[in-house]
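Trainee: Got a minute to go through this one with me? I'd like to start with a side chain and work outwards.

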Amino acid sequence: MKNELIHEGWLDPEPDGQMLPDLCLAGPMGNDFRALLKPGAVKAAELKGHSHLTP
């Protein structure tokens, strides 16, 4: 869909066992962020919405 922006919700594990929520862009634009996630991180959601910005 034109002007659709997709984000991913991630749960990133902390040393004390907590899973902290994170949000990043889906696809190649989120690669740098996903590279920072710790081993054991899980993708919990995918959110889609319209953007007022034009590509």
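**A polar contact and the sheet around it**

Mentor: Sure: a polar atom of the Asp-12 side chain sits 3.0 Å from the backbone nitrogen of Lys-38. A polar contact here is a pair of N or O atoms within 3.5 Å; within protein, one must be able to donate a hydrogen and the other to accept it, and residues adjacent in sequence count only if both atoms are side-chain atoms.

Trainee: What should I know about the model and numbering?

Mentor: It's a predicted model: local features need pLDDT of at least 70, side-chain atom pairs count only at pLDDT 80 or more, and totals for chains, interfaces and linings use all residues. Residues are numbered from 1 along each chain as its sequence is written, and side-chain values use heavy atoms, with hydrogens and water left out.

Trainee: Is Asp-12 buried or exposed?

Mentor: Asp-12 is buried, at 7% relative accessible area (buried is under 20%, exposed over 50%, partly exposed in between, with a 1.4 Å probe and protein chains only).

Trainee: Which strand is Asp-12 in?

Mentor: Strand S1; strands are DSSP runs of E, at least two residues, numbered from the N terminus.

Trainee: New topic: what order do the strands take in the sheet?

Mentor: S2-S1-S3, an open, antiparallel sheet of three strands. Two strands pair if DSSP finds at least two bridges between them.

Trainee: And how many bridges join S1 and S3?

Mentor: Eight, and Leu-11 has Val-42 in S3 as its bridge partner. S1 and S2 pair over seven bridges, with Trp-10 opposite Asp-22 in S2.

Key
Helix = DSSP H or I, 4+ residues; strand = E, 2+ residues; numbered from the N terminus.
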